[in-house]
Amino acid sequence: MGPTRRILEDLESLAIMDGFPVFEFSVDRGADLHQLFSELTAQARQGLHPILHVDAHGSPENGLLLAPSGESVGWPEVIELLRGLNVATENNLTSVFALCFGLHLYKEAALKRAVPAYFFAAPASKISVGFLEEHTLAFYREVNRTLNVTTAFEETLGRYMQSFHCQGLFFQALVRYIRSHCMGKRRSDRKERLVTEILQRDGITTPTNADLKEARRHIREALAADQSLIDHFAPSFLVGRNAAFSFADLNKVLRRK
């Protein structure tokens, strides 16, 4: 606990000088974690837009390790807690997981679910306490000085940790979705499957050419990869924020082999 205490004391000193609050929460068990997130989510609905800094141990297989109980909370469970808090902040949550393998929490973004944080940072593997002691205070000092979390991260914690911005995650998730569902053979297979589902839904057992033509027209429109795809997913994924890119930007990536 010595390194944690020293980092916290540094942050408290910075907060006193620069006028922003720092709150410390000790979480011993999974139930405590859920209770804390419930309280933070309630405050977020009242306007709290926090930087959530998690100082703990992490495991690729078991997730977040809580001390001193030794209880683990799996990454899927943690990411759901983050998602609920971020929704309450209206996608204004910055989250720093200063623990080994923290990036395992954020490996895959679900396009049809809200993003778990506006900005998320964590190491992909093990990280040394010495690095965190050296760069944590510098990170928050830069955040406070520039009001730019991305630049502050790149110049400090970003020397070893990785970060995800919600817009970049949205972009990547759309690329994966289009390549998996709206292009090539997978698109053709999905198209025919959906035509069958539409006919079954409408109770058509012996479709005419006109029935098939109409069903395929609906599916063709539904599978179209264009700006409407961004407009459809952005409100839920970005929690009301607009996408910072257009389909033309996506298309440049999709055209690459």
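**View 1. The buried residues of helix α1 are Ile-7, Leu-8, Leu-11, Leu-14 and Ala-15.** Because these residues cover an arc of only 120 degrees around the axis, they sit on the same side of α1. Please keep in mind while looking that this is a predicted model. What do the buried residues of α1 pack against? Their partner is α4. Turn to the other side of α1 and you will find Ile-16 and Met-17, which are exposed.

**View 2. Helix α1 runs from residue 2 to residue 18.** How far apart should its ends be? With 17 residues at 1.5 Å a residue, the helix should span 24 Å. The C-alpha atoms at its ends are 24 Å apart, so the expected and modelled spans agree. Just after α1 comes Gly-19, which has a positive phi near 80 degrees.

**View 3. Ala-67 and Pro-68 are joined by a cis peptide bond.** Omega here is about 5 degrees. To find the spot, look for the loop between β3 (63-65) and β4 (72-73), where Pro-68 has its place. For background, most peptide bonds are trans, and most residues other than glycine have a negative phi. The second half of that background is useful for the next two views.

**View 4. Phe-101 has a positive phi, near 65 degrees, although it is not a glycine.** This residue belongs to the loop between β5 (94-98) and β6 (119-122). Is Phe-101 buried or exposed? Its relative accessibility is 19%, and buried means under 20%, so Phe-101 counts as buried.

**View 5. Leu-147 also has a positive phi, near 60 degrees, in a residue other than glycine.** You can find Leu-147 in the loop between α4 (129-146) and α5 (149-155). Its relative accessible area is 75%, so Leu-147 is exposed, whereas Phe-101 is buried.

**View 6. Stepping back, the whole chain has 10 helices and 7 strands.** Its C-alpha atoms fill a box of roughly 75 × 35 × 35 Å along the principal axes. How many of the 257 residues count as buried? The share is 41%. Among contacts between residues at least 6 apart in sequence, 70% join residues at least 24 apart. On the outside, the chain exposes about 14300 Å², with carbon and sulfur atoms supplying 51% of that area. There are 30 positive and 30 negative side chains, and the centres of these two sets lie 12 Å apart.

Conventions
Residues numbered from 1 in each chain as written. Heavy atoms only, no water. Helix = DSSP H or I, 4+ residues; strand = E, 2+ residues; numbered from the N terminus. Buried < 20%, exposed > 50% of the residue type's maximum accessible area, 1.4 Å probe, protein only. Contact = heavy atoms within 4.5 Å. Areas by Shrake-Rupley, 256 points an atom, 1.4 Å probe, with all protein chains shown as cover. Lys, Arg positive; Asp, Glu negative; His and termini not counted. Charge placed at Lys NZ, Arg CZ, Asp CG, Glu CD. Expected span 1.5 Å × (residues − 1). Arc of directions from axis to C-beta.
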